[in-house]
Amino acid sequence: MPPPADIVKVAIEWPGANAQLIEMDQKRPLSSIIREVCDGWSLSGSEQFALRYADGPQLYITEQSRGDIKNGTILRLAISPARAARQLLERIQSHVIDARLEALKELAKLSADPTFAAEFINMEGIGTLARLVESGTQSHLLKHPGLTVSFFSPSFGEMLAFTLTAFLELMDHGIVSWDLISLSFIKQIAGYVNQPMVDVSILQRSLAILESMVLNSHSLYHRVAQEITVGQLIGHLQVSNQEIQTYAIALINALFLKAPEDRRQEMASTLAQKHLRSIILNHVIRGNRPIKAEMAHQLYVLQVLTFNLLEERMMTKMDPNDQAQRDIIFELRRIAFDGDTDPTGTEKRKAMYTKDYKMLGFTNHLNPAMDFTQTPPGMLALDNMLYLARVHQDTYIRIVLENSSREDKHECPFGRCAIELTRMLCEILQVGELPNEGCNDYHPMFFTHDRAWEEFFCVCIQLLNKTWKEMRATAEDFNKVMQVVREQITRALAMKPSSIDQLKNKLRGLSYSEILRLRQSERMSQDDFQSPPIIELRERIQPEILELIKQQRLNRLCEGSCFRKLGNRRRQEKFWFCRLSLNHKVLHYGDLEESPQGEVPFELLSDKIPVSDIKSVLTGKDCPHMKEKSALKQNKEVLELAFSVLYDPDETLNFVAPNKYEYCIWTDGLCALLGREMGSDLTRSDLDTLISMEMKLRLLDLENITIPEAPPPVPKEPSSYNFSYNYS
């Protein structure tokens, strides 16, 4: 019979005695259990004792934490936290150096225990430690007769290091406020940071204490900022000790993070003047030691805080009436079309500007300033475009002129792309967001250039133009291109390129065809489509998913869609609406004077076609309304969106879908209505996505279970069924 859940079997140790093996009843008071243990060793005054873990951090056990004790745990009987705090407080004020050193060493270890820390703080222990530091840490004792300890002696360095360790541990429990720290204490700690040739242990703890002050108190930030200069902290980055470098960057990050908004740009300028980036690159990133996790986190925090300086421009809308801002757009036009001379006359000049702004790819040709009124990316997009035009002028001109010479259908709009790309890069690099705890995702290449953000944009805008050409994209494919570009960028960043040039090399290997190959490969690997059991499962699931897609397509046909009417002459655009009856037996359609805002009732659709009369669905150049006019330029654009319904006797209902999505919905829906296969790209995409999701859900219960390639062998049938029993 298993023991009760409230009974825990533990061993309890006491120096110089045999361990006691007891069954601890978790329902009994802890004081009662301690009394029994003391009685077992004939110890009086059980209220002066407590239980601690014998291994690990050796924390005290309280009524609140006793539930964590497991069977087989080794505990130790120790003096109570209050008694230990009282003894240590007395010992750290001893005039005997060795006794004081041992007391501070033990205090540094016990201060991590929240139970002990609460008792020590209640006895004004933090004030005692602070006074020791403020007075030069035992300087008043150094003058005591018979003591000959100097500031640079090993004993003094050890005592100070343990004192600062205990102080930091006690403060980290959050029991008392950092605002109680005196100015003289701050000056003393700052002095250890600013002092040359200070002991490494003292320097580490001093930097950590200053960082905690800045992060936990607004008032202390200003005091620390007055005592510590950026130049002094940067000096600590040029040492060989990575822990010192980590603490120094952590303090820089804390000062950066807590600085008022109006001072952050000023601090960034100071860091740039002190060449912080190049020092980190040469002494940390390219050092001879591997980057540890904490250092990687601090580099990530610095990277995020640096990019967050872009937030103000990212959230600033362009003022169309601000002439200085409009001059930037004029500058973009001038650089791109430098050889063009402005015509005389306001109207001619306005027409020429409108034409140029269209070639530059702005959405609003008449007033491109309106393109920068959405935040994000706001004015940051315009800053990026201007940097490209000025610093990489040949690249800028090539991109603009190359696209202006293409057909309108296939041109890659530079302005629109630059704005959307800037927004995407802000999302990828989390501009404006606070750093995440525990994240180590820093990118070495951003420490290799003073204008890393702008250079990153310039590389990515060239990638976008290249991918646009590889995909043979049109304006309707804009979002698809941006999705591919996002994947190319994120995959390249995941490879951690060490420089901008290496980023370019990574992106060259991530062409559109390579992205398609990787997607397919990952899909095959992730879902293990090669395994016979998985293939069989897919075949069983597929009919259900196809039926689900079919119902969705038919439901959309029941909602109906508005289509544009095509005519031979230029006249006012007219529309017509078509929808499927709820019983899926009749197509209702009729003319409209304008595009509807919602569903059109059946009563307003005067014409109808019985589904039983439909013979087939024709698409593209096979449609009657495309055969006659397919040679005309204006009809090439609608060729991919055209489809027709052929019904008895020999009539056709001709459609031109408003976009590719509606085209796929209607052609799929009509094929499903006729009992034929739905073969559009949208159906294939939906089928892959839904099957993948459904298979993952069904395989969750089989996680970590190996699925064999073939079923296990069936046991052989016995040769004889004549069984007998040997009684001997």
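**View 1. Two domains share the lining of the largest pocket.** In this predicted model, domain 3 (315–522) and domain 4 (542–685) each put at least three residues into the lining of the largest pocket. The pocket's volume comes to about 1,600 Å³. Count around its wall and you get 38 lining residues. To find the middle, look for Met-471, Asp-477, Lys-480, Lys-660 and Asp-681, which lie nearest the pocket's centre.

**View 2. Helices and residue classes around the largest pocket.** Which helix supplies the largest share of this lining? That's α30, with 9 residues. Helix α30 spans 681–699, and at least two lining residues also come from each of α23 (478–494), α25 (512–527) and α29 (660–673). As for chemistry, the lining has 18 charged residues, alongside 11 nonpolar and 9 polar ones.

**View 3. The one cavity of 30 Å³ or more.** Now for an enclosed space: the structure holds 1 cavity of 30 Å³ or more. About 30 Å³ of space lies inside the largest cavity. Around this cavity sit Ile-399, Asn-403, Cys-412, Phe-414, Cys-417, Ile-461, Leu-464 and Asn-465. Three helices, α20 (393–404), α21 (414–428) and α22 (452–471), each bring at least two residues to the cavity lining, and α22 gives the most, with 3. Sort the cavity lining by class and you find 6 nonpolar residues, 2 polar ones and no charged ones.

**View 4. Strand β4 and its partners.** Pick out β4, residues 74–79, and look at what it pairs with. Strand β1 (residues 7–13) pairs with β4 in the parallel sense, over 3 bridges. Strand β3 (residues 49–53) runs antiparallel to β4, and 5 bridges join them. Two positions help you get your bearings: Glu-13 stands opposite Arg-76 in β4, while Tyr-53 stands opposite Leu-75 in β4. If you're tracing side chains here, remember that in a regular strand they alternate between the two faces of the sheet.

**View 5. An edge-to-face pair, Phe-307 with Phe-446.** The model has 24 aromatic pairs in total. One of them is formed by Phe-307 and Phe-446, edge-to-face, with 4.9 Å centre to centre and 90° between the planes. This pair links distant parts of the chain, 139 residues apart: Phe-307 is in helix α15 (residues 293–307), and Phe-446 is in the loop between α21 and α22. Are these two rings' residues buried or exposed? Both Phe-307 and Phe-446 are buried.

**View 6. A cluster of aromatic rings.** Ring pairs join up seven residues here as a cluster. Its members are Phe-563, Trp-576, Tyr-589, Phe-643, Phe-655, Tyr-663 and Trp-666. Both Tyr-663 and Trp-666 belong to the cluster, and their numbers fall within helix α29 (660–673), one of the helices that help line the largest pocket.

**View 7. Gly-191 in helix α8.** Zoom in on Gly-191 and you're in helix α8, residues 183–194. Why does Gly-191 count as partly exposed? Its relative accessibility is 28%, and the partly exposed class runs between the 20% and 50% cut-offs. For a sense of distance, the C-alpha atoms of Gly-191 and Leu-203 are separated by 9.9 Å. Along the chain, Gly-191 and Leu-203 are 12 residues apart.

Methods. Residues are numbered from 1 along each chain as its sequence is written. This is a predicted model: local features need pLDDT of at least 70, side-chain atom pairs count only at pLDDT 80 or more; totals for chains, interfaces and linings use all residues. Side-chain values use heavy atoms; hydrogens and water are left out. On a 1 Å grid over the protein atoms alone, a cavity is a set of points where a 1.4 Å probe fits but cannot get out, and a pocket is an open set with protein on both sides within 12 Å along at least five of seven lines; lining residues have an atom within 4 Å of a point. Grid points are joined across faces, edges and corners, and a volume is the space filled by probe spheres set on the points. Helices (H or I, at least four residues) and strands (E, at least two) are DSSP runs, numbered from the N terminus. Ala, Val, Leu, Ile, Met, Phe, Trp, Tyr, Cys and Pro count as nonpolar, Asp, Glu, Lys and Arg as charged, and the others, Gly among them, as polar. Domain bounds come from an automatic or database domain assignment. Two strands pair if DSSP finds at least two bridges between them. Rings of Phe, Tyr and Trp (its six-membered ring) pair if their centres lie within 6.5 Å; planes under 30 degrees apart count as stacked, over 60 as edge-to-face and the rest as tilted. Buried means under 20% relative accessible area, exposed over 50%, partly exposed in between (1.4 Å probe, protein chains only).
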